[in-house]
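Hi,

Here is the structure I promised to pass on to you. Please have a look at it first, and my notes follow underneath.

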Amino acid sequence: MTAVSSALAGKVALVTGASSGIGEATAVALAAAGAKVAIAARRADRLEALAARIEKAGGTALRIEADVTSNDDVTAMVDKVVAEWSRLDILVNNAGVMLLSPAAEAMLDDWRRMVELNLLALMGVTKAALPHLRAAKGHIVNVSSVAGRVANPGASGYAATKFGVVGFSESLRREVYADKVRVTVIEPGLVRTELGDHITNPAFKADLDKRLAAMEALTAEDIAAAIFYAVSQPAHVNVNEIVIRPTDQERERRQIFRYASNPARRKSPHSSTSRDGSLAIDAEIRHRRRRQVEASVEALAVGR
């Protein structure tokens, strides 16, 4: 961590999911820029280590052990920040989980966990913090994903939550802009963090690990830098969205279905099979899009 600067001097920030990855890196970056940072997560030992790191570099941190899916914890978390520092200027909603699996094989508990943490908790924290953010003409940063822009097979539950984050954020922006509150959505591509460690589907976890090994993925610090960029702009500038991918990542993620888990599944004539027996969906996508374009052209011709 570099020496503390004054870019965010006098600001108070609250970062959820701060015990690792993007949340941890963001807390460090905001503290280095002069903000007082409340770091919230469930893992108290991680928070203690992070606070010590920030304070050793001359920053100011407030540890808050909280489960953001608990309404009581959320209320207590926001109250603690305001009681300690009398204001709240920046909220970074970062807590989340990614549990990939085909819809037919997904566990309902995984879907429920993602909806409650990725979407409902983000909304609940925002609601609790909003009066203070309005008073401070503050800034809300919601960490979504490129999965909130392009829904890939095998990520239906995760994409549903991230599309929800994007929709909520834009609606919220239009509700609070007149109060001079800014809202930013950060949509990262592949980032090398603990996020993939929680995937319960072995094939999808292995595929993610393989893809991460094959490219120079983003780091948590890359995303923290994007968040700092957004919150450090002049008050009249609202960076609504930042989409950030590794240079090596395509626009659409190639998600591979492991047909070994369901050998009875029918193969599409427009698809291609890889050497390991898995079915690549790219040819199928291209075929469907071509048919959509052809259908649109035919409809226009009939309309004439």
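Glu170 is partly exposed in this predicted model, with a relative accessible area of 36%. Glu170 forms a salt bridge with Arg173, and their closest N and O atoms are 2.8 Å apart. Both residues sit in helix H5, and because they are 3 residues apart there, about one helical turn separates them.

How many salt bridges does the count come to? The count is 7, and two others reach across the sequence. Asp179 forms a salt bridge with Arg134, with 2.6 Å between the closest N and O atoms. Asp179 lies in the loop between helix H5 (156-176) and strand E6 (182-188), while Arg134 belongs to helix H4, so this pair ties together parts that are 45 residues apart in sequence. Asp179 is partly exposed at 29% relative accessible area, and Arg134 is also partly exposed, at 35%.

The other one is between Glu187 and Arg149, where the closest N and O atoms are 3.8 Å apart. This pair links distant parts of the chain, with Glu187 in strand E6 and Arg149 in the loop between E5 and H5, 38 residues apart. Is Glu187 buried or exposed? Glu187 is buried, at 0% relative accessibility, whereas its partner Arg149 is partly exposed at 42%. Glu241 comes in here too: salt bridges that share partners join Arg149, Glu187 and Glu241 into one network.

A buried polar residue is worth a look as well. Asn93 is in strand E4 (residues 90-93) and has a relative accessible area of 3%, so it counts as buried. The side chain of Asn93 makes a polar contact of 3.0 Å with the side chain of Thr126.

Now for the backbone. Most residues other than glycine have a negative phi, so two residues may catch your eye. Ser86 has a positive phi, near 65 degrees, and is placed in the loop between helix H3 (71-85) and E4. Lys137, which is not a glycine either, has a positive phi of about 50 degrees and is found in the loop between helix H4 (108-136) and strand E5 (139-143). Ser86 counts as exposed at 62% relative accessibility, and Lys137 counts as exposed at 52%.

Last, the surface charge. Glu216, Glu221, Asp222 and Asp248 form a negative surface patch. One of these residues, Glu221, is in helix H7 (residues 220-231).

Happy browsing, and best wishes!

How values were computed. Residues numbered from 1 in each chain as written. Predicted model: local features only at pLDDT ≥ 70, side-chain atom pairs only at ≥ 80, totals over all residues. Heavy atoms only, no water. Patch = residues over 30% accessible without salt bridge, like charges linked within 9 Å, V, L, I, M, F, W, Y side chains within 5 Å. Areas by Shrake-Rupley, 256 points an atom, 1.4 Å probe, with all protein chains shown as cover. Salt bridge = Lys/Arg side-chain N within 4 Å of Asp/Glu carboxyl O. Lys, Arg positive; Asp, Glu negative; His and termini not counted. Charge placed at Lys NZ, Arg CZ, Asp CG, Glu CD. Helix = DSSP H or I, 4+ residues; strand = E, 2+ residues; numbered from the N terminus. Buried < 20%, exposed > 50% of the residue type's maximum accessible area, 1.4 Å probe, protein only. Polar contact = N/O pair within 3.5 Å; in protein donor to acceptor, adjacent residues only side chain to side chain.
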